[in-house]
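Please go through the following model with its sequence at hand. The text takes the sheets in turn, then the helix beside one of them, then the ligand.

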Amino acid sequence: MLKVSGLTTEFRGRVRTVRAVEDISFEVPAGTAVGVVGETGSGKSVTIRSVLGLLPSYGRVVAGEAGFEGLDLLTATRAQLRQVRGRRIGFVAQNPFGSLNPVLSIEKQFANVIRAHRRMSRSDVRDLALERLESVQVRGPERVLRGYAHELSGGMAQRVVIALAMVHDPPLVIADEPTTALDVTVQRQILDLIREQVSAGNRSLLLVTHDLGVVAQYCQEVVVMKSGRVVESGSVAGVFGAPAHEYTRQLLAAVPPAPWESAHRDSAHRGSAHAEVTGS
Ligand SMILES: Nc1ncnc2c1ncn2[C@@H]1O[C@H](COP(=O)(O)OP(=O)(O)OP(=O)(O)O)[C@@H](O)[C@H]1O
């Protein structure tokens, strides 16, 4: 579905040029969820922003290819990229309030996204928007459509962003830390929702996260990044089960145990201490 090879991106400053990612290669096979993990600053966001043509003006892709539906996204024109983004690739960014326009009603934003690629009457836009808001379990969709982003909670705003990202039924969804800006209590709900939308449409997913637990739960394949490079990639079971790289081992070792695991361990400790004292 998406094949990135040799991607290298630089940021040019007045004083010096920084190479943010170098020689990045990975694939997102059709119908597969691929997680990109790595510590902060490892180049995850730069990688996907390069692929989507969303780098700031001083960022440049200096090498590589990103094949998607017969097009190299890295050399595509702005017009070609506009055709792909939104219609063939749905993008969900970290902060929903950064994705939504604060001065346009949600209905107007649906209209803009839909009409960027399709001619549609106002009432059809409204019907489609309502249907999509319902599919992402937004309560009171009519009220939400009339309203503005600032009236929504973070979780609801991200649901709206997901509905907008899916409105053209894109075969590939790219999500960049889609829950980082949200309350812990809604993070799983949003990830579950993305998974549900992806599998319902038989789509592929490229999910950027720093959370290995999320990758283990939601992805089949993983790309591990460090300092702007890919250190290893493969199936989640293979990479997490038998990491080939020391960095992956360190990342795995740094995952805190789930509360029930530590509770279990504590009680096991207490059990053995008790056994020592009582000799049982
Ligand atoms: N706009 C920018 N200008 C200059 N350098 C940047 C810019 N964005 C990122 N970088 C640099 O590129 C490298 C990769 O950053 P990137 O944001 O892709 O990391 P990340 O893995 O997504 O981190 P995080 O998990 O914190 O989002 C870092 O060294 C960072 O300093």
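**A walk through the model**

Six strands make up an open sheet with mixed pairing, in the order β6-β7-β8-β3-β9-β10. The edges are held by β6 (89-92) and β10 (229-235); each has a single partner strand, so one side of each has no neighbour in the sheet. On average, and with direction ignored, neighbouring strands here are turned by 15° against each other. The model is predicted, and the positions discussed below are numbered from 1 along the chain.

Within this sheet, β7 (residues 172-176) and β8 (residues 204-208) pair in the parallel sense over 5 bridges. One point of contact to look for is A175, whose bridge partner in β8 is L207. Past β7, the loop that leads to α8 (184-200) contains E177. This residue has a positive phi of about 45° although it is not a glycine. Most residues other than glycine have a negative phi. Is E177 buried or exposed? E177 counts as buried because it has 20 C-beta neighbours inside 10 Å, and a residue is called buried if 20 or more other C-beta atoms lie within that distance.

Further along the sheet, β3 (residues 33-37) and β9 pair in the parallel sense over 4 bridges. On the other side of the register, β9 and β10 run antiparallel and are joined by 6 bridges. E221 of β9 takes part in both pairings: V34 stands opposite E221, and E221 also stands opposite S235 in β10. The hairpin of β9 and β10 has 2 residues between the strands, and S227 in this hairpin takes a positive phi near 45°.

How many residues of β9 are buried? Strand β9 (residues 221-226) is mostly covered, with 6 of its 6 residues buried. In a regular strand the side chains alternate between the two faces of the sheet. In β9, E221, V223 and M225 point one way, while V222, V224 and K226 point the other way, and all are buried. The buried residues of β9 thus include E221 and K226.

A second open sheet consists of 4 strands in the order β2-β1-β4-β5, and its pairing is antiparallel. Its edge strands are β2 and β5 (71-72), each of which pairs on one side only. Strand β1 (residues 2-12) is joined to β2 by 8 bridges, and the two run antiparallel. Among the paired residues is F11, whose bridge partner in β2 is V18. Helix α1 packs on this sheet, touching β1, β2 and β4 (59-68), and its direction makes about 105° with that of β1.

Strand β2 also contains D23. Like the residue in the loop after β7, D23 is not a glycine and yet has a positive phi, here of about 55°. What is the burial state of D23? D23 is partly exposed, because 14 other C-beta atoms lie within 10 Å, and the partly exposed class falls between 12 or fewer, for exposed, and 20 or more, for buried.

Turning to the helix itself, 7 of the 9 residues of α1 are buried, so α1 is largely enclosed by the rest of the structure. The buried residues are K44, V46, T47, I48, R49, S50 and V51. Just after α1, G53 takes a positive phi of about 70°.

Which elements supply at least two residues of the shell around the ligand? They are β2 (17-28) and α1 (44-52). The largest share of this shell comes from α1, with 3 residues. In total, 13 residues surround the ligand, and the closest are A20, T40, K44, S45 and V46. By residue class, the shell divides into 5 nonpolar, 7 polar and 1 charged. Two of the closest residues, K44 and V46, also appear among the buried residues of α1.

The last point comes from a record. The unreviewed UniProt entry carries the annotation "domain: ABC transporter" for residues 2-252. In the model, the end C-alpha atoms of residues 2-252 lie 27 Å apart, and the span is 40% helix and 27% strand.

Definitions and conventions
Predicted model: local features only at pLDDT ≥ 70, side-chain atom pairs only at ≥ 80, totals over all residues. Near = placed C-beta within 6 Å. Nonpolar A, V, L, I, M, F, W, Y, C, P; charged D, E, K, R; others polar. Pairing = 2+ DSSP bridges. Axes fitted to C-alpha atoms, helices over the stretch in contact; angles between N-to-C directions. UniProt positions renumbered as here; feature names shortened; annotations may be inferred. Contact = placed C-beta atoms within 7 Å.
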